Amino acid sequence: MSIPVYASPPFNHAKADAILRTSDNVDFRIFRLLLSLASPFFETLFELPQPSKEKPEDTEIRDGLPVIPVSEDSKTLDAVLRFCYPYTLTEKPSLGHSKTIHSKDGVKIKDAINFEDNVKMLEAAKKYSLDGAEKAIRTTLFSTINLETDPLRCFAIARQARMQEETILSARYSLRTSLVPDWFKEIDMITSTDILALWAYHKRCGRAVQRLQLDFSWIKQHYNNPTAVPWIFGNPSRRHCGCPRSDIVKLFDRKHLAWWEEFMETTFQTLREEPCAQTVYNSVEKTIEKVRRLKCRSCTPNVATVMHQFGDLFAKKVEEVISEVKFFSQ
């Protein structure tokens, strides 16, 4: 077995009164008082009878200090112990390494944290009853950036840790993804029951938003009368509109433009699989580009303005409906 090495400052202090040895054979020289003040776990641990001089073989001694083995690796232990020390002695950990994610055209989208490192830190913080560290790590893991980028990974972590609030939040963000996800490393953290519960939630949300298509009263209540939305019917101004009309009468007992009908139909189809506000916004942008290509003197000039306004209403209603759907899990 290799000889243990000492950790880096501040965990190599000459006046330390105990040693924590990690799974990768790194010794952390620590002060019991600091750890006891920060953690009930360590307070109890250090209150246990200490090794006697008559029976030193019961506990390993190094440089006159008792050696306490722990299951964490040195990187994880270094991070969680820094939460136990005052700011004057050490900086708080960075909570993982950030990575830059790029789109296909090479444009930077956002930064995300190292999930594996943070999961290890979260487990250690819970094990050692480090409430402040656990709160900080949870905030980082379940930040908006991570929920938007990796909702399924967040869901898996939340389910394993039995964090109900984060589980529901992650499930909500997962509505932006396909029901058949790609493999991700944390998938082993969850059971088939968890996955089925998430799929069932997707299905219930997808069905729930279809109610908005069956009843356009939410549009009528918002706009009150057809004169408030003339662009839906092809007469937003005195300019001639040559765009085809739909044969289906759904709104204000009038025939509306075919491109608007197609927008609504396509959006609701996509909402079955990805029932969230972002689906609406994505569909709005596609429709704007389509109408611009029509080069209609009536529809094209203002399509971005009116569709963005309508998209906000549509997305808000979708979120209202989704908020009423409960996520059920054992």
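Is Tyr128 buried or exposed? Keep that in mind as you open this predicted model, and we will settle it at the second stop.

**Stop 1: the whole chain**

Start with everything shown as a cartoon. You are looking at 15 helices and 9 strands. Now switch on a surface: of the 330 residues in the protein, 46% are buried. If you draw contacts between residues with a separation of 6 or more, 60% of them join residues 24 or more positions apart.

**Stop 2: Phe41 and Tyr128**

Select Phe41 and Tyr128 and show their side chains. Here is the answer to the opening question: Tyr128 is buried, since its relative accessible area is 2% and the cut-off for buried is under 20%. Its partner Phe41 is partly exposed, at 33%. Two rings like these are described by the distance of the centres and the angle of the planes. For Phe41 and Tyr128 the centres are 5.0 Å apart and the planes stand at 75 degrees, an edge-to-face arrangement. Colour the backbone around them and you will find Phe41 in helix α2 (residues 40-47), while Tyr128 sits in the loop between α4 (115-127) and α5 (131-141). The pair therefore ties together parts of the chain that are 87 residues apart in sequence.

**Stop 3: Trp231, Trp259 and the ring cluster**

Next, select Trp231 and Trp259. Their ring centres are 6.3 Å apart and their planes meet at 20 degrees, so this pair is stacked. Trp231 belongs to helix α12 (residues 230-233) and Trp259 to helix α13 (residues 258-273), 28 residues apart. Both are buried: Trp231 has a relative accessible area of 9%, and Trp259 has 7%.

Which other residues join Trp231 and Trp259 in a cluster of ring pairs? Add Phe216, Trp218, Trp260, Phe263, Phe268, Phe310 and Phe314 to your selection, and the cluster is complete. Across the whole structure, a search finds 20 aromatic pairs.

**Stop 4: helices α14 and α15**

Keep Phe314 in view and select residues 277-294 (α14) and 303-323 (α15). Two packed helices are described by the angle between their axes and the distance between the axes. How far apart are the axes of α14 and α15? They are 9 Å apart, and the helices pack at an angle of about 160 degrees. That angle is over 145 degrees, which means that α14 and α15 run roughly antiparallel to each other. Their crossing is right-handed.

To see the contact itself, show side chains on both helices. From α14, the residues include Val280, Tyr281, Val284, Ile288 and Val291; from α15, they include Met307, His308, Phe314, Ala315 and Val318. Coloured by class, this contact has 12 nonpolar, 3 polar and 4 charged residues.

**Stop 5: helices α3 and α4**

Now move to α3 (residues 74-82) and α4. Their axes come within 9 Å and cross at roughly 60 degrees, which makes α3 oblique to α4. This crossing is right-handed. On the α3 side, pick out Lys75, Thr76, Ala79 and Val80; they meet Asp117, Lys120, Met121, Ala124 and Ala125 of α4. By class, there are 5 nonpolar, 1 polar and 3 charged residues in the contact.

**Stop 6: His202**

Select His202, in helix α9 (residues 192-209). At 3% relative accessibility, His202 is buried. Which residues is His202 in contact with, leaving aside its neighbours within four places in sequence? Show Ser174, Leu175, Thr177, Leu179, Glu273 and Pro275 to see these partners.

**Stop 7: backbone details**

Finish with the backbone. Most residues other than glycine have a negative phi, and most peptide bonds are trans. Three places are worth a visit with that in mind.

- Pro9 and Pro10 are joined by a cis peptide bond, with omega at about 5 degrees. Pro10 is in the loop between β1 (5-6) and β2 (18-21).
- Arg162 is not a glycine, yet its phi is positive, at about 55 degrees. You will find Arg162 in the loop between α7 (151-160) and α8 (164-173), and it is exposed at 57% relative accessibility.
- Phe252 has a positive phi too, near 55 degrees. Phe252 lies in the loop between β8 (245-251) and β9 (254-257), and it is buried, with a relative accessible area of 15%.

Technical notes
Residues numbered from 1 in each chain as written. Predicted model: local features only at pLDDT ≥ 70, side-chain atom pairs only at ≥ 80, totals over all residues. Heavy atoms only, no water. Axes fitted to C-alpha atoms, helices over the stretch in contact; angles between N-to-C directions. Helix = DSSP H or I, 4+ residues; strand = E, 2+ residues; numbered from the N terminus. Parallel < 35°, antiparallel > 145°, perpendicular 65-115°, else oblique. Left-handed = near helix turned anticlockwise from the far one by under 90°. Contact = heavy atoms within 4.5 Å. Nonpolar A, V, L, I, M, F, W, Y, C, P; charged D, E, K, R; others polar. Phe/Tyr/Trp six-rings, centres within 6.5 Å; stacked < 30°, edge-to-face > 60°. Buried < 20%, exposed > 50% of the residue type's maximum accessible area, 1.4 Å probe, protein only.
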